[in-house]
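Biologist: Please take a close look at a single part of this structure, the open sheet, and then follow what surrounds it as far as the model allows.

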Protein chains: 2
Amino acid sequence: MPGEQGSDSKIIDGRALAKKIESEVHSKVQMLKDQHNITPGLSTIVVGDDPASKMYVKLKHKACDRVGIIAEDHFLSEDTTQEEVIELIQNLNKRDDVHGILVQLPLPEHINEQKVMMEIDPSKDADGFHPLNMGKLLIGNEELVPCTPRGIMTALEEYNVDIQGKDVVVVGHSNVVGKPMATMFLNRNATVSVSHVYTQNLNRYTINADILIVATGVKHLIKPDMVKEGVVIVDAGISKEEDKVYGDVDFDNVIKKASLITPVPGGVGPMTIATLMQHVLKVAQNKV
Amino acid sequence: MPGEQGSDSKIIDGRALAKKIESEVHSKVQMLKDQHNITPGLSTIVVGDDPASKMYVKLKHKACDRVGIIAEDHFLSEDTTQEEVIELIQNLNKRDDVHGILVQLPLPEHINEQKVMMEIDPSKDADGFHPLNMGKLLIGNEELVPCTPRGIMTALEEYNVDIQGKDVVVVGHSNVVGKPMATMFLNRNATVSVSHVYTQNLNRYTINADILIVATGVKHLIKPDMVKEGVVIVDAGISKEEDKVYGDVDFDNVIKKASLITPVPGGVGPMTIATLMQHVLKVAQNKV
């Protein structure tokens with residue numbers, strides 16, 4: 001995809017890339033069925049009635065349908081106890097037809113998220129949030145890692161973005177994006193800075209970035225005067241105002257200085273879901 | 001300790017601090033013996049004849065003697081198999097009198113370090129290198145974490161160094177110091193940059209650091225023109241030349257600009273060992 005000319009050549013097309021990846025996953029799922037009689041399966045757990053959670057899970061199930069993964073949903077009521085969630089996970093851990101287990105966050109307040117995540121068999125941890133998988137990531141052994149940063153890395157690889165020795169700035173230090181993303185860049189020998197809401201002088205960091213990853217949920221935080229010419233920008237932020245979706249980057253203005261940039265929507269989102277599909281396939285392949 | 005005046009008031013005295021911590025550990029070990037009849041125990045494993053490994057383990061055993069922890073050594077010959085090391089670890093995992101298990105790195109080439117580390121019961125992982133403990137660290141749940149970065153954090157806390165919102169630069173991105181150290185600063189809401197041998201322009205990072213942590217093993221890498229007035233510097237590097245020990249910081253010149261600085265030797269080293277003692281005590285306390 002790199003090297004294209006024309007007005008859209010700067011845009012990292014997350015939808016097209018996700019489609020390509022899903023098509024690869026689809027072929028491999030078919031091979032697994034044909035050659036080993038294994039159909040990859042993903043079980044999702046949602047506790048309570050959060051509409052965003054339900055929407056995200058629905059998108060993941062649709063992707064499963066597209067690639068031939070069997071998706072099974074567990075919608076539990078808001079008053080489900082922690083013990084009941086853990087019991088369900090333990091049953092899913094044992095089932096040979098369940099390759100990936102995904103607990104959609106957030107969980108209701110009476111449930112301890114970390115305790116629940118710890119119960120997932122790390123080898124079935126499709127989301128990559130289990131501390132064992134996070135720890136392997138930290139020591140450079142990336143097996144099942146969080147889907148959003150992994151999807152971003154795939155996009156950069158696909159567009160032949162050099163990483164070693166580059167100055168990378170990650171804005172946001174969450175457990176699901178910022179910290180694992182920074183770790184993945186360190187594992188690839190980039191110089192990495194992580195800034196966030198406590199950072200005193202954000203511009204001083206962003207202005208020097210060769211690669212800028214933003215994941216804050218603050219609408220249009222990144223303006224054109226904050227970046228240098230030629231920067232590669234990945235926008236993993238999302239915020240809503242009156243049913244319109246915004247990224248963390250003032251896209252229309254910043255694109256003029258960027259050499260590559262992801263749009264919102266249609267950038268990181270589809271890549272996250274495609275990565276989840278890769279993970280479920282990977283777990284199923286490991287069973288052969 | 002902060003606020004002292006005079007010529008030595010800039011120096012973070014790792015030996016004095018370690019002595020204070022060990023004295024606290026000693027009292028708590030005594031209480032554990034008196035009140036619960038538990039004596040904390042550390043088992044160390046060294047494979048092969050690396051003189052540095054033997055020296056490090058000896059220092060750790062001496063510290064155990066000082067604080068009342070029972071230390072048990074397992075010196076295994078160079079040709080010990082991976083399976084034999086794992087069998088030993090599994091036996092130590094089962095023993096109630098062994099609270100901490102420490103495998104001194106590096107291991108001989110025919111042994112897979114990661115496989116061996118994975119066998120240590122994470123709750124007895126005195127060194128904090130088990131991926132499960134590393135992963136908990138990454139998500140902000142610091143239980144047993146690597147001793148050198150933990151010891152550095154203790155020293156900064158002891159000298160009342162503010163961390164939140166500060167610009168921190170870590171030079172070196174190893175699994176034992178750089179990456180866990182950066183993670184600990186992120187967990188405390190510092191803005192963190194990690195540079196290393198692949199970094200194009202090291203000065204651009206170091207010159208803006210409020211807190212600079214160096215762990216490269218490159219003698220006198222950090223010169224006075226690379227830091228700003230008032231910087232807090234921690235030197236976790238060590239290199240030897242003709243039996244003389246050097247840090248990564250050109251101490252005699254850099255101290256003029258620093259507000260606080262650790263010497264080599266007598267800075268980070270003693271703090272690492274004192275932290276190990278805290279960890280073994282912590283595991284034993286968890287058994288109550």
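Modeller: In this predicted model, the sheet of chain B is an open one, built from three strands in the order β2-β1-β3 with parallel pairing. Its edges are formed by β2 (70-76) and β3 (100-103) of chain B, each of which pairs on one side only, and from one strand to the next the twist averages 15°. Within that sheet, strand β1 (residues 41-47) of chain B is joined to β2(B) by seven bridges, in the parallel sense, and at one position along these strands Leu42(B) stands opposite Ala71(B), which belongs to β2(B). Across β1 and β2 of chain B lies helix α2 (residues 51-67) of chain B, whose direction makes an angle of about 170° with that of β1(B).

For a view at the level of one residue, I turn to chain A, where helix α2 (residues 51-67) contains Val57(A). Leaving aside residues up to four places away in sequence, Val57(A) touches Thr44(A), Val46(A), Asp73(A) and Gln104(A). Val57(A) and Val103(A) are separated by 46 residues in sequence, while their C-alpha atoms are 9.6 Å apart in space. Val57(A) has 19 C-beta neighbours inside 10 Å and therefore counts as partly exposed, given that a residue is called buried only if 20 or more other C-beta atoms lie within 10 Å of its own.

Beyond the sheet and its helix, the two chains also meet, in a contact that takes 27 residues from chain B and 27 residues from chain A. On the side of chain B that touches chain A, at least two residues each are supplied by α5 (131-138), α7 (178-187) and β5 (191-195) of chain B, and the element that gives the most is α5(B), with seven residues. Sorted by class, this side of chain B holds nine nonpolar, 16 polar and two charged residues. Strand pairing also crosses between the chains, for strand β5 (residues 191-195) of chain A is joined to β5(B) by three bridges, and the two run antiparallel; in that pairing, Ser193(A) has Ser193(B) of β5(B) as its bridge partner. The pairing between the chains is thus antiparallel, whereas the pairing inside the open sheet of chain B is parallel.

Methods: Residues numbered from 1 in each chain as written. Chains lettered and ligands numbered in written order. Predicted model: local features only at pLDDT ≥ 70, side-chain atom pairs only at ≥ 80, totals over all residues. Contact = placed C-beta atoms within 7 Å. Helix = DSSP H or I, 4+ residues; strand = E, 2+ residues; numbered from the N terminus. Nonpolar A, V, L, I, M, F, W, Y, C, P; charged D, E, K, R; others polar. Pairing = 2+ DSSP bridges. Axes fitted to C-alpha atoms, helices over the stretch in contact; angles between N-to-C directions. Buried ≥ 20, exposed ≤ 12 C-beta atoms within 10 Å, placed from the backbone.
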